[in-house]
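Work through the exercises below with the sequence and the 3D view open. Try each task before you read its solution.

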Amino acid sequence: MADRLLVFGASGHGKVVADVAMAAGWDVVGFADDNPDRKESALLEIPVVAIGVAEAVLFCRREDAHAIVGIGNNQARRQVQSRLHDAGVAVATLIHPRAILSPSARVGTGAVVVAGAVINCETVVGQGSIINTGATVDHDCRLGDFVHVSPGAHLGGTVTVGDDAHIGIGAVVVNNVGIGAGSIVGAGAAVVSSIPAGVVAYGVPARVRRSLRP
């Protein structure tokens with residue numbers, strides 16, 4: 001019998017996460033969400049069974065289910081996963097069967113690797129991170145916790161990405177550079193030198209456009 005799974009995040013990304021889970025052999029028994037308007041709705045013909053983290057925890061305990069957070073926003077995903085973990089809920093790690101992972105790569109708890117993604121040798125992906133559709137992460141990269149590498153983004157070898165950073169759709173990051181914690185790299189950017197923490201950078205080549213710090 002397949003292990004049971006609750007997806008927290010009744011949204012577009014949540015549907016992608018549920019698809020990954022089902023392809024990987026999980027029994028997705030429900031969605032949860034913070035939005036009370038989602039109550040009694042369904043996605044992919046799977047019902048929303050819990051509103052809020054507290055209800056999600058109770059559901060997982062009652063149904064002996066694992067949980068995965070299907071929220072694209074890095075900070076929100078971190079918060080929900082931390083609360084589920086602290087409540088004793090087993091957090092899953094999902095890898096689509098059509099993703100390619102080197103045997104020497106490591107992927108942290110709560111991470112989701114979507115169809116078509118490639119993670120090469122001796123790369124480390126932190127907990128709660130997303131390697132989205134068709135993204136590639138080459139050899140010896142170090143990705144922190146709750147990073148999002150968007151669809152079609154490509155990281156060269158020995159790239160370092162700090163916690164909570166976001167790499168936009170179609171962005172390219174050359175070998176041996178770093179992306180600082182919490183930074184956002186815009187869609188289609190070409191990152192040819194390191195980006196500091198807490199900034200927005202985009203363009204070809206990517207340049208820092210503004211700070212995210214108050």
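Buried means under 20% relative accessible area, exposed means over 50%, and partly exposed lies in between (1.4 Å probe, protein chains only). Helices (H or I, at least four residues) and strands (E, at least two) are DSSP runs, numbered from the N terminus. The model is predicted: local features need pLDDT of at least 70, side-chain atom pairs count only at pLDDT 80 or more, and totals for chains, interfaces and linings use all residues. Residues are numbered from 1 along each chain as its sequence is written, and side-chain values use heavy atoms, with hydrogens and water left out.

**Exercise 1. The two sides of a helix**

Find which residues of α3 are buried and which are exposed on the other side.

Solution. Step one: list the buried residues. They are Asn74, Arg77, Val80, Gln81 and Leu84. These residues cover an arc of only 135° around the axis, so they sit on the same side of α3. The arc is that of the directions from the helix axis to the C-beta atoms.

Step two: turn to the other side of α3. There, Gln79 and Asp86 are exposed.

Step three: ask what covers the buried residues. The cover includes β1 (4-8), α2 (53-63) and β5 (66-69). It also includes β12 (130-131), β15 (148-149) and β18 (166-167).

**Exercise 2. Length and ends of α3**

Compare the expected span of helix α3 with the distance between its end C-alpha atoms.

Solution. Step one: apply the rule. The expected span is 1.5 Å times one less than the number of residues. For the 13 residues of α3 (residues 74-86), that gives 18 Å. Step two: check the model. The end C-alpha atoms are 18 Å apart, which agrees.

Step three: look at the ends. At the start of α3, a side-chain oxygen of asparagine 73 comes within 3.1 Å of the backbone nitrogen of glutamine 75. After α3 comes glycine 88, with a positive phi near 90°.

**Exercise 3. Histidine 148 and histidine 13**

Decide for histidine 148: buried or exposed? Then list its contacts, and do the same for histidine 13.

Solution. Step one: place histidine 148. It is found in strand β15. Its relative accessible area is 8%, so histidine 148 is buried.

Step two: list the partners. Contact means heavy atoms within 4.5 Å. Leaving aside neighbours within four places in sequence, histidine 148 touches Gly72, Asn74, Arg77, Ile130, Asn132, Ala165, His166 and Ile167. With asparagine 132, the side chains form a polar contact of 3.0 Å. A polar contact is a pair of N or O atoms within 3.5 Å; within protein, one must be able to donate a hydrogen and the other to accept it, and residues adjacent in sequence count only if both atoms are side-chain atoms.

Step three: move to histidine 13. This residue is in helix α1 (residues 12-23). At 15% relative accessibility, histidine 13 counts as buried. Leaving aside neighbours within four places, histidine 13 is in contact with Gly70, Ile71, Gly72, Ile130 and Asn132.

**Exercise 4. Backbone geometry in loops**

Inspect the backbone at glutamate 45, aspartate 64 and proline 205.

Solution. Step one: glutamate 45 has a positive phi of about 65°, although it is not a glycine. Glutamate 45 lies in the loop between β3 (42-43) and β4 (46-51). At 81% relative accessibility, glutamate 45 is exposed.

Step two: aspartate 64 has a positive phi near 50°. Aspartate 64 lies in the loop between α2 and β5. Its relative accessible area is 65%, so aspartate 64 is exposed.

Step three: a cis peptide bond joins valine 204 and proline 205, with omega about -5°. Proline 205 lies in the loop between β23 (199-202) and β24 (207-211).

**Exercise 5. The whole chain**

What radius of gyration would a compact globule with 214 residues have, and what does the protein chain have?

Solution. Step one: use the globule rule, 2.2 Å times the number of residues to the power 0.38, with the radius of gyration taken over C-alpha atoms. The rule gives a value near 17 Å; the protein chain has 17 Å, which agrees.

Step two: add the composition. The chain has three helices and 24 strands. Of its 214 residues, 49% count as buried.
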